[in-house]
Number of protein chains: 4
Amino acid sequence: MNEGRTGVWFVGARGSVATTATVGLAALAEGIARPVGLVTAGSAFDGVPLPDFDDFVVGGHDVDETPLVERARRLATGGMIPAATVEAVAHRLDAADAEIRLVPRTARGSQRREIGLRADDIRSFRERHGLRRVVVIDVASTEPLPADRPEFHDHDALVAALAQDGVELLPSSTLSALAAVTGAGAPYACFTPSISLGIPALHAVAADAGVPIAGQDGKTGETLLRTVLAPMFSSRGMRVLSWAGANLLGGGDGATLADPAAVESKLASKNRGLHDLLGHDVVTPLHIDNVPDLGDVKTAWDHVHAEGFLDTRITLQTTWTAYDSTLAAPLVIDLARLLTLADQAGLSGPIAELGYFFKDPWGSEEHAFARQADELVSWALRTAVRRTTAQVA
Amino acid sequence: MNEGRTGVWFVGARGSVATTATVGLAALAEGIARPVGLVTAGSAFDGVPLPDFDDFVVGGHDVDETPLVERARRLATGGMIPAATVEAVAHRLDAADAEIRLVPRTARGSQRREIGLRADDIRSFRERHGLRRVVVIDVASTEPLPADRPEFHDHDALVAALAQDGVELLPSSTLSALAAVTGAGAPYACFTPSISLGIPALHAVAADAGVPIAGQDGKTGETLLRTVLAPMFSSRGMRVLSWAGANLLGGGDGATLADPAAVESKLASKNRGLHDLLGHDVVTPLHIDNVPDLGDVKTAWDHVHAEGFLDTRITLQTTWTAYDSTLAAPLVIDLARLLTLADQAGLSGPIAELGYFFKDPWGSEEHAFARQADELVSWALRTAVRRTTAQVA
Amino acid sequence: MNEGRTGVWFVGARGSVATTATVGLAALAEGIARPVGLVTAGSAFDGVPLPDFDDFVVGGHDVDETPLVERARRLATGGMIPAATVEAVAHRLDAADAEIRLVPRTARGSQRREIGLRADDIRSFRERHGLRRVVVIDVASTEPLPADRPEFHDHDALVAALAQDGVELLPSSTLSALAAVTGAGAPYACFTPSISLGIPALHAVAADAGVPIAGQDGKTGETLLRTVLAPMFSSRGMRVLSWAGANLLGGGDGATLADPAAVESKLASKNRGLHDLLGHDVVTPLHIDNVPDLGDVKTAWDHVHAEGFLDTRITLQTTWTAYDSTLAAPLVIDLARLLTLADQAGLSGPIAELGYFFKDPWGSEEHAFARQADELVSWALRTAVRRTTAQVA
Amino acid sequence: MNEGRTGVWFVGARGSVATTATVGLAALAEGIARPVGLVTAGSAFDGVPLPDFDDFVVGGHDVDETPLVERARRLATGGMIPAATVEAVAHRLDAADAEIRLVPRTARGSQRREIGLRADDIRSFRERHGLRRVVVIDVASTEPLPADRPEFHDHDALVAALAQDGVELLPSSTLSALAAVTGAGAPYACFTPSISLGIPALHAVAADAGVPIAGQDGKTGETLLRTVLAPMFSSRGMRVLSWAGANLLGGGDGATLADPAAVESKLASKNRGLHDLLGHDVVTPLHIDNVPDLGDVKTAWDHVHAEGFLDTRITLQTTWTAYDSTLAAPLVIDLARLLTLADQAGLSGPIAELGYFFKDPWGSEEHAFARQADELVSWALRTAVRRTTAQVA
């Protein structure tokens, strides 16, 4: 079914994840990459009418001016993605690069105006390409958690403050989310741990978005493993006493997370699911270290100590090694496809079942991965039916 | 609801698993151990009418004469179970020991007669204690896989051969299974990889058992982990290329599995689930080494190599360390409780949902652990309802 | 050669290390333990005249009043040391306990007076038992590093301050070291990372001790491994780029090291040797986490990333698991024996070759373990000869 | 000091190790690679007069006709070596390729004639380039160990058999070694586990070679680690009870070692050093698995179990991951340099100190790595002096 093309607007469009996703989407569209690592390419999604890879047009915002093809070549040099693939899709990268708009680090006038300018970019992208919709996905660097403010709890005060020139109240992730959801009426996903729509005064905005939204903080590696393994211990009645973790990574992400302020939001969402899944107090020391020489290869070591029958000691160690951005990129493409489906079916507000992709699911308390996977598939099938009905009606 | 007491008859009643289970059951009955490591003690089973720990009477068969309390003390010395617990339940161990009957290593007369003698032991145990039922669970050492024989495929020929004195056709695990199921009408579970009812000519016997049965080969450690992790890779579209494993253990099990003939059946069932779950060819080298100095502590290292998006390399290593018998023992108690429930509800033949406990489930092709866990809970609730109906009727 | 008995005076005599060492020394003296884990029991020391295990008399200082036999039983319950061994040497533990003197947490009067009182305890122990010498070994909990003070750099000012009542200038480890070295003329070793004689104004005291001294911070587990492995990378020309570490432990040590102030001195000495051995800048993130459920079992994970030929990536991960106190205790006995030898040979000041036992060797820059081992053996042989000469003369 | 150029003749000149070494030597000569991973580039060798990288001319034997530059490109595609480096030295690879002579898989006439033909190739290479000497290094694939034969123990019978046409008595590694040592008078090193000069009847030939020789079986990864770690346990009096290992690798080496006959010689030399170093019986299960998807990246997991003080359990796990050929290649270059030095100094027969490079040192029983490293450096300095004397005289 041809529905017209769909836009994907990356917040952080020249970062590692967006660059990898853009290269990957281009390579899939060209038929020179296989859809390995994509959830929606699995047989469980057979028959679900999702956009083809070639149906997407890519654009976005960034604070950096380095051309996308240049960023992609750096990733290839670091061994993250194949150099031949980058060259084969260079023309598509240039086309995407032409759709990236610079955003300044501070608001242009009031923050309300900044939101408007960002929304304008999205709308104009949609019109320029005659797109049916634009899905906005935040894959920018992790921001520090903002200090709490009275306006964060009072919608009217917040609105008033946003109108004032020179008041820097909201972090950039929130501005982008509002530009997408309230400004441009665009489906939105927050793949980062940044606060985005998590400001209490914006909860109602999120709930009544009028477009489908999903978040937050992509569940790619260590946390994925944890939400797979923790239910095993619970089901078998083994009592987990501690779950310690060490994360080593370099690259831009390593440097960002070396900042204790930025890492705080990350650590919080990494541990939250674990506590929920195990259902009792458990000791969970967790560290993220910036190790520049490792580049974008992330190594995570976990040590789990559980008590078994008759006070016996059970330990499990896991060491996970992967390029973090190539774990994230296909999930971002999955989200673009599934939010398109959700939008076609007329859904709005937080889509609980997309919690499958996130450390900190919006609209859901479920963290157990296998259960999330079943719910996602079932949701996709239901939504496919609903979409048909919606289109007939 | 008091239903009378239930017998548990261990094949291999003086082995490590049975000894640990008997100590544990006694400690639970005395209220000096917590039900950690038991599946059926989880909140998911709230309201399911399972026998209390004190409702069980233990007996069994073994080829060894060492008193149970002596075996338990050796396990305590090796650090497997607490010495204080053993001493606190010594009187219960002595009582169980008095209910253990020796079986010879070769049949007493024909194998049919041997089956009959073993069944007599079970029946007489039931009568002596006025038990409503006896659940038979095979936790004996792994046998070598028997060489194939024409009689294994021809029920009549098998029956005829069993009647002949001096013909040693069936391995001991099969004799015990037949003694339980056809001889004593006892619910039966095979917790070992030994062939038991896996002889083709006996498939009909298993299917028409008239009692609930379950098997086979307890899923306790490395294989448990594998059936938890493999569905994660599949759901996320990561293509597992190889899954290699090294198992180190000492103790009696280590020595048994150092015999290449005995290990064959073990390795086969360890890899089977993995191939099923991943759905494509995958390289799975697997070794079990006897390392006597490690005693009953088993260490398993797995190395998984998967392909991710854009040909990226993902590796996961896991190291699992635990006392194998204290992983197995609570599951054996779970099986005794759940087979009692099944029998009360009038179920017979292989119970597919008990496949949750096994590497090689009877009556089910499902290996994915999380799905098995959901199915088990749902089955227990359904069976609880059915049991009530059966009892009213 | 009978030389009379030797005293061992433990600072922290009721802590885990001292308790384990006292139990072990008693068990060795009784002939019910083998000298596994002792360096000086190796064949390389054949012919070196070291005191027999039964030649030692144990006493010490502590702030805690729990009887030694009670502390030992707790360690046995935690699985650290065999319960049977504790009971078999209970009478020796009681005898040692009777020789432990309480020290208050703040000085009794001036710190000079406190030093004097502690020295009195040591001298009176020596006289009471007619000992030839007392070796003092600090195995107390790690102290926070004291903030720098002008008096730390000016010996006269320090002496003046020590004489004033109520001035708490020096930490307890320094008071004990001075009590031993200047007060009681006792050979002294600092097995902890606490500052002890590391105050600049005391460097001359250490150098002119008149008795042999050794330190500091026992090299037992992860650091031992690092100083074994780092020279391999150097010799082979592989360029180590990062060496990250995660340490998990509970017990008293875990709790102490959860205090960021206390851990600071520990982390500093753990990384110092690494930098020296690799000879260039290397990224060395290192964490120590308090994981109470692990008890005294310490697990250390290290991840080493090195560059090889033609920019190739080499990684090494190590996971080390051991009871920390049973690693330390035999080394403490080794030090008691070797400091006795040094004292008999008339040596004084820091013994560089005893740096083999420490993360932060006094009098030596050598950290490479294999070289330290060779130097230690060679020193022991030379000192044995010198001792004979000293005694003849 | 200019001495004329030196030839390096690789047996297996188109295999992964030789290809990597040839690329590396070329890149070092061109100044586009740093000497990382080379032992002889370390500061310990400052002042030792070793040939410059540009002094070497490369040639060799192989059974394969694929051009060297093609082999190098395949390694680059697999991520083993940088593609840019390969292209930058392509002209040097072509030059080396022109010096590679094909050897057939069966002898051309008698084996004596085959030896002669191989020696002719080496001599003619030397003359063609006016080389002062040619160092021959066997880096071919591991051969199966030949079955024992009476001629292997009787030099005269061996000589007689070699003269007979069609008799295939000696494996190819031995033919190449004899061609080098007795035929061409060339210094020789055996970097593989193949039997080479290990035939008993050839021991005298090795001892009286007239040229310096060294072997055997390069100590590159897991065995290197083991000979570094084992002395630590010994020095500290910890009693190693078991040392288990699992090796995963693909590539050509993986396939070769999947052949149980070929792996036998490899496993034997891997375990030999361990037993020597620990000095007592120790359980050492060891497996090498062919895992094609891993390519030339080798992953080795070791699990060490040691007994500490008071029966305490100590475990160490190591996981080592590296491209095996880039570990081996710089050592091969080191050997070419050091054998040149030895030859210049007039040394002949097995050079015990070069045992540093090997699992199974010729002429030495020393396996402890740190001691080997000290002996190597000391030998190089002595030999440098001797070389000067030899040249003056």
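**Exercise 1.** How many residues has helix α9 of chain D, and what span does it reach from its first C-alpha to its last?

*Solution.* Keep in mind that this is a predicted model. Start with the boundaries: α9 of chain D runs over residues 222-235, which gives 14 residues. Next, take the end-to-end reach, which is 20 Å from first C-alpha to last. Finally, set this against the expectation at 1.5 Å a residue: the span is close to the expected 20 Å.

**Exercise 2.** Work out whether α9(D) is mostly covered or mostly open, and look at what follows the helix.

*Solution.* Count as buried any residue under 20% relative accessible area. By that cut-off, 11 of the 14 residues of α9(D) are buried, so the helix is mostly covered. Among them are E222(D), R226(D), L229(D) and F233(D). Now step past the end of the helix: just after α9(D), G237(D) has a positive phi of about 70 degrees.

**Exercise 3.** Describe the contact of chain B with chain D.

*Solution.* Begin with the participants: 22 residues come from chain B and 22 residues from chain D. Then turn to area, where the two chains bury about 1,900 Å² between them, with 65% of it on carbon and sulfur atoms. On the side of chain B, H287(B), D293(B) and W301(B) provide 28% of the area buried against chain D, more than any other three residues. The strands β7, β8, β9 and β10 of chain B each give two or more residues to this side. Last, check the polar side: the rule finds zero salt bridges across the interface, while 11 residue pairs are in polar contact.

Conventions:
Residues numbered from 1 in each chain as written. Chains lettered and ligands numbered in written order. Predicted model: local features only at pLDDT ≥ 70, side-chain atom pairs only at ≥ 80, totals over all residues. Heavy atoms only, no water. Helix = DSSP H or I, 4+ residues; strand = E, 2+ residues; numbered from the N terminus. Expected span 1.5 Å × (residues − 1). Buried < 20%, exposed > 50% of the residue type's maximum accessible area, 1.4 Å probe, protein only. Contact = heavy atoms within 4.5 Å. Buried area = accessible area lost by both parts, 1.4 Å probe. Salt bridge = Lys/Arg side-chain N within 4 Å of Asp/Glu carboxyl O. Polar contact = N/O pair within 3.5 Å; in protein donor to acceptor, adjacent residues only side chain to side chain.
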